[in-house]
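Please open the model in your viewer and keep the sequence panel beside it. The tour below moves from one selection to the next and says what is to be found at each stop.

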Amino acid sequence: MRRRWLILLALLVLTIWGAGEWVVRSERFTSWLTTRSEAYLADRLRQEVKIGKVQVGFIPLRLEVFGLDVGPPDAPLLLLSSGSVSLNPLPLLFHRLTLSRITLERPRVDLIQTEGGWNLPRFSGGGGGWSVVVGKIVLRGGAIRVRIPPSGRSVSLERIDLTLAPDLTKRRWKAVLNAGAGEWTEPNFTQKIDRLSFDGSVA
């Protein structure tokens, strides 16, 4: 008898899980989630935000983003091909957001300094009493360009692979960085960067 109830309970859990996955992966829910995510990020970053698609993934529980543009269309601050954020659901009960892994695929960042300052987001709003814990961060195939037009200075790096993992024993981050071709430009000279690498700890 007890075995029968356990089987029925397992079937019920699987049915609810399957129905939930069907709902969150439906086109209507995906469209709603994408629209809400765009509005939320635009409000928090105080920047124009365009998202191709946001969907929920399971095992592990995660948010997946496909096509993210931040900033004006003619001069975007960030272009992201795709990314995902894996989270642990249990700490949500205690107002703690635990992001076990953040993965960014082919992000491109373009920083520009003008008379009004850098084109960085101006964050708005608070955490609402929530604490955030971040685990591993993985960036693959990234690129960055930093420009200061009035001075003629600029730095660019391509093919950036970066892994950050928390070292709880030392309260630091273990960092592994590899970058391909780049360029450092000053008013009187230009220096090519063949390769840049780092393997160590950062505060």
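Throughout this tour, buried means under 20% relative accessible area, exposed means over 50%, and partly exposed is what lies in between, with a 1.4 Å probe and protein chains only. The model is predicted, so that local features need pLDDT of at least 70 and side-chain atom pairs count only at pLDDT 80 or more, while totals for chains, interfaces and linings use all residues. Residues are numbered from 1 along each chain as its sequence is written, and side-chain values use heavy atoms, with hydrogens and water left out.

**Stop one: the core**

Select Leu33, Leu45, Val49, Ile51, Val54, Val56, Phe58, Val65, Leu68, Val70 and Leu80, the 11 residues that make up the largest nonpolar core; such a core is a set of buried Ala, Val, Leu, Ile, Met, Phe, Trp, Tyr and Cys residues joined through side-chain atoms within 4.5 Å. Two or more residues each come from helix H2 (27-45), strand E1 (49-57) and strand E2 (62-70), where helices (H or I, at least four residues) and strands (E, at least two) are DSSP runs numbered from the N terminus. E1 gives the largest share of this core, four residues. If you then centre on Leu33 and set aside residues up to four places away in sequence, you will find that Leu33 touches Val54, Gln55, Val56 and Leu63, contact being taken as heavy atoms within 4.5 Å.

**Stop two: strands E1, E2 and E3**

Now show the backbone of E1 and E2, which run antiparallel and are joined by eight bridges; two strands are said to pair if DSSP finds at least two bridges between them. Val49 has Val70 in E2 as its bridge partner. The two strands form a hairpin with four residues between them, and Ile59 in the turn has a positive phi of about 50°. Extending the selection to E3 adds an antiparallel pairing of E2 with E3 over eight bridges, in which the bridge partner of Asp69 in E3 is Leu79.

Going back to the loop between H2 and E1, pick out Arg46, which has a positive phi of about 55° although it is not a glycine. Arg46 is exposed, because its relative accessible area is 58%.

**Stop three: salt bridges**

Next, display the charged side chains. A salt bridge here is a side-chain nitrogen of Lys or Arg within 4 Å of a carboxyl oxygen of Asp or Glu, and by this rule the count comes to eight.

Begin with Glu64 and Arg62, whose side chains meet in a salt bridge at 2.7 Å, N to O; both residues are buried.

Move on to Arg140 and Glu105, which meet in a salt bridge at 2.4 Å, N to O. This pair links distant parts of the chain, since Arg140 is in strand E6 (residues 131-148) and Glu105 in strand E4, 35 residues apart. Which of the classes buried, partly exposed and exposed does Glu105 belong to? Glu105 counts as buried because its relative accessibility is 17%, whereas Arg140, at 35%, counts as partly exposed.

Then select Arg147 and Asp110, whose closest N and O atoms are 3.0 Å apart in a salt bridge. Arg147 lies in strand E6 and Asp110 in strand E4, so the pair ties together parts that are 37 residues apart in sequence. Arg147 is partly exposed at 27% relative accessible area, and Asp110 is buried at 13%. Add Arg145 to the selection, and you will have a network of salt bridges that links Asp110, Arg145 and Arg147.

**Stop four: strands E7, E9 and E10**

In strand E7 (residues 153-167), look for Arg159, whose phi is near 50°, a positive value in a residue other than glycine. Arg159 counts as exposed at 53% relative accessibility.

From there, go to strand E9 (residues 182-186) and strand E10 (residues 189-193), which pair in the antiparallel sense over five bridges. A hairpin joins E9 to E10 through two residues, and Thr185 stands opposite Thr190 in E10. Glu186, also to be found in E9, is buried with a relative accessible area of 16%. Leaving aside neighbours within four places in sequence, Glu186 is in contact with Gly152 and Arg153.
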